[in-house]
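Let's walk through this model together, moving from one residue outwards to the whole fold. Keep the viewer open as you read.

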Amino acid sequence: MSGAIPPAQPPPAPERYVRPVLPWRHRHNPLCRRTDRLQGWIALGLLLTVPLLGLLAALAVGDTADRHYRATAERQAHTRHHTTAVLLRDAPRHPEPGSDEARRARYPVEVRFTDPHGRPRTGTTDVPPGTPADSAVRVWVGADGSLTEPPLTAEEVRSFAMGWAILAFLAVALLGVAAQWASAALLRRRNLAEWDARWAETAPRWTASP
């Protein structure tokens, strides 16, 4: 019948609310030992403190390293002299001239230069492949008159400081992992000792008398 009214549908059942079980509610579990709860608190404490301590260590070590390398760069800038040297022989040629590797390659060649005291000196420095003899190249000379590396740049100072900061953070993280492992091993040993003691009390009840 086209005009019939369909039967009323029952209202949908309300969704059942599932109350979340909070971590600390497990303390009422009779199977949860005191050592289990202690291990949980240790893990939680390490989880909260290790990142903070790692960040503080990274900031402190990074700042110390930054000041150290900045002072080193300033000292190098005052004690190292930028001068011109002359090649005493031709630099070897690269087997693949014109390639990207050839443009990045450097070969050690003996050069002649004058130190800050005006004395002629010889040394070895790296030059591009195929550089002919008697070519002039720029070199850095230390306070003792020997060839040395250029002073640290600002980018190198930042890179070194960042590297030490990362190492400090990782060191704190590794110490946290070690502390977690050591506490777990200690508590596990304590659990086994307690289990042995209780079994020593319970075992006679399971032994048949002669």
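Two residues are in contact here when they have heavy atoms within 4.5 Å of each other. With that in hand, start at Ala102: leaving aside neighbours within four places in sequence, Ala102 is in contact with His94, Glu96, Pro97 and Pro129. The last of these, Pro129, is 27 residues away along the chain, and the C-alpha atoms of Ala102 and Pro129 are separated by 7.0 Å. Ala102 belongs to helix α2 (residues 100-104); helices (H or I, at least four residues) and strands (E, at least two) are DSSP runs, numbered from the N terminus. Is Ala102 buried or exposed? Its relative accessible area is 11%, so Ala102 is buried; buried means under 20% relative accessible area, exposed over 50%, and partly exposed in between, with a 1.4 Å probe and protein chains only.

A word on the ground rules: this is a predicted model, in which local features need pLDDT of at least 70 and side-chain atom pairs count only at pLDDT 80 or more, while totals for chains, interfaces and linings use all residues. Residues are numbered from 1 along each chain as its sequence is written, and side-chain values use heavy atoms, with hydrogens and water left out.

Now step back to the whole chain. The protein has three helices and five strands, and along the sequence they follow the pattern α-β-α-β-β-β-β-α. Of its 210 residues, 22% count as buried. Among contacts between residues at least 6 apart in sequence, 66% join residues at least 24 apart. The accessible surface comes to about 16,400 Å², of which 62% belongs to carbon and sulfur atoms; these areas come from the Shrake-Rupley method with a 1.4 Å probe, and for residues only the protein chains shown count as cover.

Next, the strands. They make an open sheet of five in the order β3-β2-β1-β4-β5, with antiparallel pairing; two strands pair if DSSP finds at least two bridges between them. At the edges stand β3 (120-127) and β5 (147-148), each with a single partner strand, so one side of each is left without a neighbour in the sheet.

Follow the order across. Strand β2 (residues 107-114) is joined to β3 by eight bridges, and the two run antiparallel. Along this pairing, Tyr107 stands opposite Val127 in β3, and Arg112 has Thr122 as its bridge partner. The hairpin of β2 and β3 has five residues between the strands, and Gly118 there takes a positive phi near 85°. Further over, six bridges join β1 (residues 81-87) to β4 in an antiparallel arrangement, with His82 opposite Trp140 in β4. Trp140 also stands opposite Thr148 in β5, where β4 and β5 pair over two bridges in the antiparallel sense. These two strands form a hairpin with five residues between them, and Gly145 in the turn has a positive phi of about 90°.

One backbone angle deserves a look. Most residues other than glycine have a negative phi. Asp134, however, has a positive phi near 70°. Asp134 lies in the loop between β3 and β4 and is exposed, with a relative accessible area of 64%.

What do the side chains of β4 (residues 136-141) do along the strand? They alternate: Val137, Val139 and Val141 point to one face and are buried, while Ala136, Arg138 and Trp140 point to the other and are not. The three buried valines reappear in the largest nonpolar core, whose 10 residues also include Ala85, Val109, Phe113 and Val127. Such a core is a set of buried Ala, Val, Leu, Ile, Met, Phe, Trp, Tyr and Cys residues joined through side-chain atoms within 4.5 Å. At least two of the core residues come from each of β1, β2 and β4. Apart from this core lies another, of six residues, among them Ala65, Leu152, Val157 and Ala161.

Finally, a search of the whole structure finds one aromatic pair. The rings of Tyr69 and Phe160 have their centres 5.0 Å apart and their planes at 45°, so the pair is tilted; rings of Phe, Tyr and Trp (its six-membered ring) pair if their centres lie within 6.5 Å, with planes under 30 degrees apart counted as stacked, over 60 as edge-to-face and the rest as tilted. The pair links distant parts of the chain, 91 residues apart: Tyr69 is in helix α1 (residues 34-79) and Phe160 in helix α3 (residues 154-202). Tyr69 counts as buried at 17% relative accessibility, whereas Phe160 is partly exposed at 36%.
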